[in-house]
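The following exercises concern the protein shown below. Attempt each task before reading its solution.

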Amino acid sequence: MFASKLPNVGTTIFTQMSQLAAETGALNLSQGFPDFDGPQALREAVGRHIAAGHNQYAPLTGLPALRQQVAAKIKRSYGRTVDADSEVTITPGATQALFCAIQTLIRPGDEVIVFDPCYDSYEPAVNLAGGHCVHLPLTQPDFAIDWQRLSDALTSRTRLIILNSPHNPSGALISRAELDQLADLIRGRDLYLLSDEVYEHLVFDGAQHASVLAHEELYQRAWVVSSFGKTYHVTGWKTGYVVAPPALSAELRKVHQYVSFCGVTPLQWALAEFMAACPEHVEQLPAFYQAKRDLFCELLTPSQFSFSRAAGSYFQLLEYSAIRNDLDDVAMAEWLTREHGVASIPISVFYQAPPKDLRLVRLCFAKREDTLRQAALKLCAI
């Protein structure tokens, strides 16, 4: 039997909880995907482009029309002019973009700083490249960066810092002032940034997303990743993109071309068409998802859960110690699924060393109103 390159990796918690939800007939608020379709015009465009014969390989960097639409959106959203040919790369999903960026940079012995709780794909990609993740816990309860701890963690081996805002699983946001603080901290160091911004348009209560794309100094050493799936409610299309300065993009493309070469062609044509025809879609997303967050939270007000409304993303954390303080969050998530018909995600799986008193589960509110009402009814009955 050969030795596993990822001995500590099994089936992801997202797959496990979705399977348990299916087995028990529970409402699936665990895995992060909508239970409603993307825009009709976008879905109809796919069929047209398949019928029109757009079914062969796209360029490895992505369909030119789609890269141009991404560049136009970045200009509107963040005021940055990027070159669609040399700085935008379309990928089959944001996870692939994250993987390729990590493989591009990390060599054996390199250190990568991640902030716990962090998305589960980061560390396996670092390990496969021969690197080592240094886990820094975000502060509780606001899930903010501990700047002194970050400063202390920087060494000559630090090559990459992975940011994630809006944050999965907490929904917390990084501010422009914090990006400035980061720039001050790493100035003069030979290290890079990977900014996971897949929920960039899901920011609530009048806040603005502080993108690395809008920060001139940080962008020059960054790969910035986003997701069409999250933005257009089509997570199953597995289409994303990465934006980086020309030299960093060129190196990433060397890896990307041997991981997948390109993304699915008719989906790229459809996205390019829809983005050109409906640029207002991204502007409407904050209000669209805030209404879902607010409805869900209002419905949960009579429950025994405690919570602060998520500032971004489409996830809401619930603190459950008043209900079952005797259960850790993994057991609690299973208990909620089996006994009360609502599937969630335990937060401890996003940590290397979770706090012992952690009593939080994550629920996805990217759901139809009737789904949210049914889930809240079940949760309030506990």
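**Exercise 1: Burial and overall form**

Buried residues, those under 20% relative accessible area (exposed means over 50%, partly exposed in between; 1.4 Å probe, protein chains only), make up 56% of the 382 residues in the protein. This is a predicted model, in which local features need pLDDT of at least 70 and side-chain atom pairs count only at pLDDT 80 or more, while totals for chains, interfaces and linings use all residues. Residues are numbered from 1 along each chain as its sequence is written, and side-chain values use heavy atoms, with hydrogens and water left out.

Task: Determine how the radius of gyration of the protein compares with that of a compact globule.

Solution.
1. The radius is taken over C-alpha atoms, and the globule rule is 2.2 Å times the number of residues to the power 0.38.
2. For 382 residues, the rule gives a value near 21 Å.
3. The protein has 20 Å, which agrees with a compact globule.
4. The C-alpha trace spans about 55 × 55 × 50 Å along the principal axes.

**Exercise 2: The nonpolar cores**

Task: State which residues touch the most other members of the largest nonpolar core.

Solution.
1. A nonpolar core is a set of buried Ala, Val, Leu, Ile, Met, Phe, Trp, Tyr and Cys residues joined through side-chain atoms within 4.5 Å.
2. The largest core has 67 residues, and L150 and I161 touch the most other members.
3. Helix α11 (residues 265-277) supplies the largest share of this core, six residues; helices (H or I, at least four residues) and strands (E, at least two) are DSSP runs, numbered from the N terminus.
4. Apart from neighbours within four places in sequence, L150 is in contact (heavy atoms within 4.5 Å) with I113, F115, L136, I145, I161, L182 and L185.
5. A second, separate core of 57 residues includes A97, V114, V225 and L372.

**Exercise 3: Backbone exceptions**

Task: Locate the cis peptide bond that joins S165 and P166, and decide whether D205 is buried or exposed.

Solution.
1. Most residues other than glycine have a negative phi, and most peptide bonds are trans.
2. The bond between S165 and P166 is cis, with omega about -10 degrees, and P166 lies in the loop between β5 (158-164) and α7 (176-186).
3. The bond from N168 to P169 is also cis, with omega near 25 degrees; P169 is in the loop between β5 and α7.
4. D205 has a positive phi, near 60 degrees, and is exposed, with a relative accessible area of 52%.
5. K238 has a phi near 45 degrees and counts as partly exposed at 42% relative accessibility.
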